[in-house]
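Dear colleague,

I am handing over the structure we spoke about, and below it you will find my notes on what was found. Please read them with the coordinates open.

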Amino acid sequence: MAAMRRRNPPVKDAKEHAARCIDKIADLEVKYINSFKGRGVFAKTPFKKGDFVVEYRGELISSQESQRRRSIYHSKCSVFMFEFYWHEQTWCIDAALEDGSLGRLVNDNHTHPNCKMKKVIAEGKPHLCLFAVRDINVGEEITYDYGGTDWPWRKQVEAQAAVSTTKDLVTQSSSVSTIQVQFFSEFHFSFV
């Protein structure tokens, strides 16, 4: 990966982007992945470990308002509600509204994420920002671990992985049988 110089320290970079409510559109792009994952955010430039990547932007609401909205939102919208603890209370960033921000489109990866969510205080308010946990290459999808264990897509991915593993084992098993048949058909054995 090409060497990069940071213009600002990562936290200062995050605070400046959060205060101005802007994304790094020169460094990131949205791409459609597939019908299962939908859209995702991809790096157009490399990021170094520790760099600020993108803010998870939305409306800051109380825990009570979050619960009220969850009861009226479609289930697909509730995945855009990110709860966190600040000033001895639970708060939520509600990013269910399609507002053009990139952070709300970053996908979950609980096994090998390349970013981590951190709370940054800018202008007296909390902002949820993603920072690179390792170097990120051009073209790589930006991901982070959403936390928890009951996300429906994780169950579907695990089921798909189990099916793939089973198919691989069956393929390996049938390959061995084919090799054994070929071996025995090429050699003639005589028993005394």
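The protein exposes about 12300 Å², of which carbon and sulfur atoms supply 56%; please bear in mind that this is a predicted model. Of the 192 residues in the protein, 34% are buried, and among the contacts with a separation of 6 or more, 64% are between residues 24 or more positions apart.

The protein has four helices and 10 strands, and from the N terminus on these elements follow one another as α-β-β-β-β-α-α-β-β-β-β-β-β-α.

As for the interior, the largest nonpolar core holds 26 residues, and those that touch the most other members are Leu28, Val53, Tyr56, Ile136, Ile142 and Tyr144. At least two residues of this core come from each of the strands S2 (38-43), S3 (52-56), S5 (81-86), S6 (89-94), S8 (115-122) and S9 (125-132). Another core, of five residues, lies apart from it and includes Ala14, Phe52, Cys129 and Phe131.

I also looked at an open sheet of three strands, whose order is S4-S6-S5 and whose pairing is antiparallel. Strand S4 (59-62) and S5 stand at its edges with a single partner strand each, so that one side of each is left without a neighbour in the sheet. On average, and ignoring direction, neighbouring strands of this sheet are turned by 30° against each other. The antiparallel pairing of S5 and S6 extends over six bridges, and Glu83 has Cys92 in S6 as its bridge partner. Helix H2 (residues 63-72) lies across S4, S5 and S6, and runs at about 100° to S4.

With best regards

Technical notes
Residues are numbered from 1 along each chain as its sequence is written. This is a predicted model: local features need pLDDT of at least 70, side-chain atom pairs count only at pLDDT 80 or more; totals for chains, interfaces and linings use all residues. Side-chain values use heavy atoms; hydrogens and water are left out. Buried means under 20% relative accessible area, exposed over 50%, partly exposed in between (1.4 Å probe, protein chains only). Contact means heavy atoms within 4.5 Å. Accessible areas come from the Shrake-Rupley method with a 1.4 Å probe; for residues, only the protein chains shown count as cover. A nonpolar core is a set of buried Ala, Val, Leu, Ile, Met, Phe, Trp, Tyr and Cys residues joined through side-chain atoms within 4.5 Å. Two strands pair if DSSP finds at least two bridges between them. Axes are lines fitted to C-alpha atoms, for helices over the stretch in contact, and angles run from 0 to 180 degrees between N-to-C directions.
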